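Hi,

I'm passing on a structure that I think you'll enjoy looking through. Please open it below, and then read on for a short tour of what turned up in it.

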Amino acid sequence: MRWFGFGFNAFGQIRVQEKSGRGESSSALHQVKVTHPAELSSHVDKSGCCLKTSQIRVSWSRRASLHLDGDSCLSLAGFGESVSSEDCGISKIESYGCKDVFISESHLTLAFPDRIETWDLQKREKSPSWSMDIKTHAEGSDVNLPLVPGGYIALKPPLYCTLPGHLKARSLALGAEHAVLLTATGAVYSWGLGSHGQLGHGVLTSEEEPRVVEALWGMSMTRVATGGWHSACISDGGDLYVWGWNESGQLGLPSRGLRKSQQKSSQQTGELCYDTSTPADEKLKEEEEHEDVFISIQAFPALLDVSPSCEIQTVSCGSRHTAAVTTTGDLYTWGWGEYGQLGHQTVTSSDEPQRVEFFRAEQMRVLDVVCGTWNTFAAAVKEEVACAENSTKCTC
């Protein structure tokens, strides 16, 4: 499995493989905007063996890569980091045995079989700023960060927050100022800031405690995701539901703000022409006559048809963009694209899901996607590898 990154790279979060050949290099270390998927550089252990990246977790300026093969360990990239993670006071030796990771701008949380440790990334301390012992094999001892026994790890202090025991949480997604939780029975709960409809309750008010998203009640969900001010979830039938802010088209629904921005850009490009009327302008005028076609805030979950021929397998949300992987291994992205985080080799935004053609062209099947605030990371394998591993399911 190979990982690729694209989008915001001002702090070197995206490190790419160097090409062999005389003087050729595909390093994107100094590029602020990486507009096409670039393969991340590999990490090596003390013996010189390459480590396979199993998971990636990202914040605005940092990327944490978890290597679960052999003696599992962690590597960091981005603000203040080198290829190894020693610069933040956490050596690879101290991260050996780590099974899960969660990163924010200020803290890094590591899950070990017997304990949870949270480190302050802004200080060079030799011990974690918070820790919790785990009773192995005890009920509720399984960790799926940011969930921990009895609660979860927040993006900023106070780090440990409790959760009502009756929720029986399976997974938790944390947005800029809101949270969406998936229970073991497939129900969805949300709480926090609701000013942009990101809680999915049909109103723009905030909630201090977890409240069930009633519009999804009775439908079993398998995944949840949160962006800056929007949310998404996938049903067990592979349907994708989205809600919240849509100013940049991050919901995949018609965005007035985005269309107007594109119209203005189009007019500036053709400002020397006598007739600046374009098909795009005419389309916008037609849409303005039917004002209800535009959606700025979607306060209830809306069903989004990403690809009519297949189901959605996984979804991830950035600050103002969204990415989803289909069961056929295609990656679709939409929303704000100013830093190339949509992977279409442009910095254009889109309010319609579009397939990232790079992986099709490379005959690769996408398995997972993780959105950072302004960037995107995708895991993929060659089609023949995917077919060999899933011969009973493959349709290629």
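A good place to begin in this predicted model is the stretch where strand E16 meets strand E17 (residues 188-192): the two run antiparallel and are joined by five bridges. If you want one pair to find on screen, take His178, whose bridge partner in E17 is Gly192. The two strands make a hairpin with four residues between them, and there Gly186 has a positive phi near 90 degrees.

E16 has a partner in strand E15 (residues 169-174) as well, again antiparallel and again with five bridges. Here Leu174 stands opposite Ala179 of E16. E15 and E16 also form a hairpin, with three residues between them.

How many residues of E16 are buried? Six of the six in this strand, which covers residues 178-183, so the strand is mostly covered. Side chains in a regular strand alternate between the two faces of the sheet. In E16, His178, Val180 and Leu182 point one way, while Ala179, Leu181 and Thr183 point the other way; all of them are buried.

Next, two open sheets.

One has four strands in the order E8-E9-E10-E11, with antiparallel pairing. Its edges are strand E8 (100-103) and strand E11 (130-133), each of which pairs on one side only. On average, neighbouring strands in this sheet are turned by 10 degrees against each other, direction ignored. E8 is joined to strand E9 (residues 107-111) by four bridges, and the two run antiparallel; Asp100 has Ala111 as its bridge partner in E9.

The other open sheet also has four strands, ordered E2-E1-E28-E27, and its pairing is antiparallel. Which strands sit at the edges? They are strand E2 (33-39) and strand E27 (364-371), each pairing on one side only. Neighbouring strands of this sheet are turned by 15 degrees against each other on average, direction ignored. Seven bridges link E27 to strand E28 (residues 375-382), and these strands run antiparallel. A pair to look up there is Val366, which stands opposite Ala380 in E28.

Then there are the cysteines. How many disulfides does the structure hold? Zero. Take Cys371: the nearest cysteine sulfur belongs to Cys317 and is 6.7 Å away, and Cys371 is in no disulfide. For a disulfide, the two sulfur atoms would have to be within 2.5 Å. Cys371 counts as buried because its relative accessible area is 9%, and the cut-off for buried is under 20%. Cys310 is buried too, with a relative accessible area of 14%.

Finally, some totals for the whole chain. The secondary structure comes to five helices and 28 strands. Of the 396 residues in the chain, 51% are buried. The accessible surface is about 18900 Å², and carbon and sulfur atoms account for 49% of that. As for contacts between residues at least 6 apart in sequence, 48% join residues that are at least 24 apart.

If you only have a few minutes, I'd suggest starting with E16, since you can follow its bridges to E15 and to E17 from one place. After that, the two open sheets make a nice second stop.

Happy exploring, and best wishes

Notes. Residues are numbered from 1 along each chain as its sequence is written. This is a predicted model: local features need pLDDT of at least 70, side-chain atom pairs count only at pLDDT 80 or more; totals for chains, interfaces and linings use all residues. Side-chain values use heavy atoms; hydrogens and water are left out. Buried means under 20% relative accessible area, exposed over 50%, partly exposed in between (1.4 Å probe, protein chains only). Two strands pair if DSSP finds at least two bridges between them. Contact means heavy atoms within 4.5 Å. Accessible areas come from the Shrake-Rupley method with a 1.4 Å probe; for residues, only the protein chains shown count as cover. Axes are lines fitted to C-alpha atoms, for helices over the stretch in contact, and angles run from 0 to 180 degrees between N-to-C directions.
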